[in-house]
Amino acid sequence: LPICCRSVAMTGALLESVGFLVGSYAPSFVVFTISYACISGIGLAFLYSSSVVVVSHYWHRYGHHSLVNGLAMSGMGVGTAAFGSFAYATIKRFTWRGYMRFISGSFFAISLITGLTYGDVRAEETEE
């Protein structure tokens, strides 16, 4: 069974969404930590690694893949910095459980849409 970036991204989207959703219903701190840190963390790692591979694969032929990877990584940093104030406002309005449910659905939708746009880049094609 060949593994492509699209299937890794879809698996990551499902894992991060399930982790956030389970974390919102967690009855204890241990369950919250396992769901939020472990399950969602693994899902987000799948999404991150597949996006880096896709960007490198498509921009390698133009000789600008280092520049594009740098721009993509700095875009992630800007998004992370801006997300803090959004999270604060959302938690203030809907509580932390509502916030976790909101990001579960929104992250799943965004990750699913962007993951579907990935081309069929397989592991064998990236090795040269």
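**Exercise 1. In which helix is serine 35 found, and what surrounds this residue?**

Solution. The structure is a predicted model, and the first step is to place the residue along the chain: serine 35 belongs to helix α2, which covers residues 29-60. The second step is to judge its exposure, and here the relative accessible area of serine 35 is 2%, which is under the 20% limit for a buried residue, so serine 35 counts as buried. The third step is to look for a polar partner: a polar atom of the serine 35 side chain lies 3.1 Å from the backbone oxygen of phenylalanine 32. The last step sets aside residues up to four places away in sequence, after which serine 35 is found to touch Gly19, Val22, Gly23 and Ser40.

**Exercise 2. Describe the aromatic pairs that phenylalanine 32 forms with tyrosine 36 and tryptophan 96.**

Solution. Begin with the whole structure, in which a search finds 8 aromatic pairs. One of them joins phenylalanine 32 to tyrosine 36, with 5.3 Å from centre to centre and 10° between the planes; because planes under 30 degrees apart count as stacked, this pair is stacked. Both residues lie in helix α2, 4 residues apart, or about one turn of the helix. Next, take the pair of phenylalanine 32 and tryptophan 96, which is edge-to-face, with 5.5 Å between centres and 85° between planes. Since phenylalanine 32 lies in helix α2 and tryptophan 96 in helix α3 (residues 65-116), this pair ties together parts that are 64 residues apart in sequence. Turning to exposure, tyrosine 36 is partly exposed, with a relative accessible area of 37%, and tryptophan 96 is likewise partly exposed, with a value of 37%. Finally, follow the ring pairs outward: they link a cluster whose members include Phe32, Tyr36 and Trp96, along with Phe20 and Phe107.

**Exercise 3. Which residues make up the largest nonpolar core, and what does alanine 26 contact?**

Solution. First list the members: the largest nonpolar core has 7 residues, namely Phe20, Ala26, Phe32, Ala87, Tyr99, Met100 and Ile103. Then ask where they come from, and the largest share, 4 residues, is supplied by α3. Next consider alanine 26, which, leaving aside neighbours within four places in sequence, is in contact with Val31, Phe32 and Arg97. Another core, of 5 residues, lies apart from the largest one, and among its members are Cys5, Ala9, Val54 and Tyr118.

**Exercise 4. Over the ring of which residue does the charged end of arginine 101 sit?**

Solution. The ring is that of tyrosine 25, and the charged end of arginine 101 sits over it at 4.1 Å from the ring centre.

Definitions and conventions
Residues numbered from 1 in each chain as written. Predicted model: local features only at pLDDT ≥ 70, side-chain atom pairs only at ≥ 80, totals over all residues. Heavy atoms only, no water. Helix = DSSP H or I, 4+ residues; strand = E, 2+ residues; numbered from the N terminus. Buried < 20%, exposed > 50% of the residue type's maximum accessible area, 1.4 Å probe, protein only. Polar contact = N/O pair within 3.5 Å; in protein donor to acceptor, adjacent residues only side chain to side chain. Contact = heavy atoms within 4.5 Å. Phe/Tyr/Trp six-rings, centres within 6.5 Å; stacked < 30°, edge-to-face > 60°. Lys NZ or Arg CZ within 6 Å of the ring centre and 35° of its normal. Core = buried A, V, L, I, M, F, W, Y, C linked by side-chain atoms within 4.5 Å.
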